[in-house]
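This report describes one protein model for a reader who is new to structural analysis. Please examine the sequence and the structure shown below before reading on.

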Amino acid sequence: MSEPPEQQHARSEEQRASGDTEETKSQTQAFGHSGLLSTEQGAKMEDMTTMKASYVQPKGPGIRLRGSRMELLEKHLAQTIREKIELQMKPAPCDPEYITTTHESFNVRGFVPLWERLTLTHDYKSEDGITFWSENLQRVQGVTPSRAPGAPFRKCCEFSRPIGERLDEPTPPSED
């Protein structure tokens, strides 16, 4: 059942007049309804609340609550406690004969160090370092035998070489 063209035209005019389009709906969702809280669009928001306007700071009783002797006694007590704490916080004066461990043990007068010439039988530039693994290579399980006894951790390509090429070479030493 379709409507006659006159009714469709009248309905579209009503929608345009009411501003009920997709664009105005998204604007309303983003910015809210204009003129809902105030009819003036450029008006500034009030910064004075009712609580601020009506709040009156409470006043004291207008008379002394403590006597002058009591106030003087509290001041004197606070002063003596402060002095005691300051005395505890001060470091104790140092003895004039106080010598640190460094001065006593390492800076002795008349001490002349003896510099002996170092005698090294190893060349640290060319030799491998001694580690747990290099010392215990024969006892570690799962390590393949090395070709060079002096360099046990060099690259071993035996796993990737075909068996036909490897048959001509001598067998590696046993792990006994």
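Does Glu-74 count as buried, partly exposed or exposed, and at what relative accessibility? Glu-74 counts as partly exposed, at a relative accessibility of 35%. The model in which this residue is examined is a predicted one.

## Overall architecture

The protein contains seven helices and zero strands. Read along the sequence, its pattern is therefore written with helices alone, as α-α-α-α-α-α-α.

The protein has 176 residues, of which 3% count as buried. About 18600 Å² of the protein is exposed, and carbon and sulfur atoms supply 56% of this area.

## Confidence of the prediction

The average pLDDT of the protein is 76, and 68% of the residues score at least 70. Confidence varies between the helices: the lowest value belongs to helix α1 (residues 5–18), with a mean of 61. The highest belongs to helix α4 (residues 68–89), with a mean of 95.

## Salt bridges

How many salt bridges does the protein have? The count comes to two.

One of them joins Arg-64 to Glu-71, where the closest N and O atoms are 3.1 Å apart. This pair counts as a salt bridge because the distance lies within the cut-off of 4 Å. Arg-64 has a relative accessible area of 54% and is exposed, whereas Glu-71, at 32%, is partly exposed. The two partners fall into separate classes because a residue must be over 50% to count as exposed.

Another salt bridge links Arg-66 with Glu-74, and here the closest N and O atoms are 2.5 Å apart. Arg-66 has a relative accessible area of 43% and is partly exposed. Its partner Glu-74, at 35%, is also partly exposed.

## A nonpolar surface patch

Which residues make the nonpolar surface patch of about 420 Å²? The patch is made by Leu-77, Ile-81, Ile-85 and Met-89.

Among these residues, Ile-81 is located in helix α4. Ile-81 is partly exposed, with a relative accessible area of 43%. Ile-81 can belong to a patch because its accessible area is over the 30% that patch residues require.

## A buried residue in a loop

Where is Asn-136 found? Asn-136 lies in the loop between α6 (132–135) and α7 (163–166). Asn-136 has a relative accessible area of 14%, and it counts as buried because this value is under 20%.

The side chain of Asn-136 also makes a polar contact with the side chain of Arg-139, at 2.8 Å. Asn-136 is thus a buried residue that has a side-chain polar contact with Arg-139.

Methods:
Residues are numbered from 1 along each chain as its sequence is written. This is a predicted model: local features need pLDDT of at least 70, side-chain atom pairs count only at pLDDT 80 or more; totals for chains, interfaces and linings use all residues. Side-chain values use heavy atoms; hydrogens and water are left out. A salt bridge is a side-chain nitrogen of Lys or Arg within 4 Å of a carboxyl oxygen of Asp or Glu. Buried means under 20% relative accessible area, exposed over 50%, partly exposed in between (1.4 Å probe, protein chains only). pLDDT is the predictor's confidence in each residue, from 0 to 100. Helices (H or I, at least four residues) and strands (E, at least two) are DSSP runs, numbered from the N terminus. A polar contact is a pair of N or O atoms within 3.5 Å; within protein, one must be able to donate a hydrogen and the other to accept it, and residues adjacent in sequence count only if both atoms are side-chain atoms. Patches are made of residues with over 30% relative accessible area and no salt bridge: like charges are joined within 9 Å, nonpolar side chains (Val, Leu, Ile, Met, Phe, Trp, Tyr) within 5 Å. Accessible areas come from the Shrake-Rupley method with a 1.4 Å probe; for residues, only the protein chains shown count as cover.
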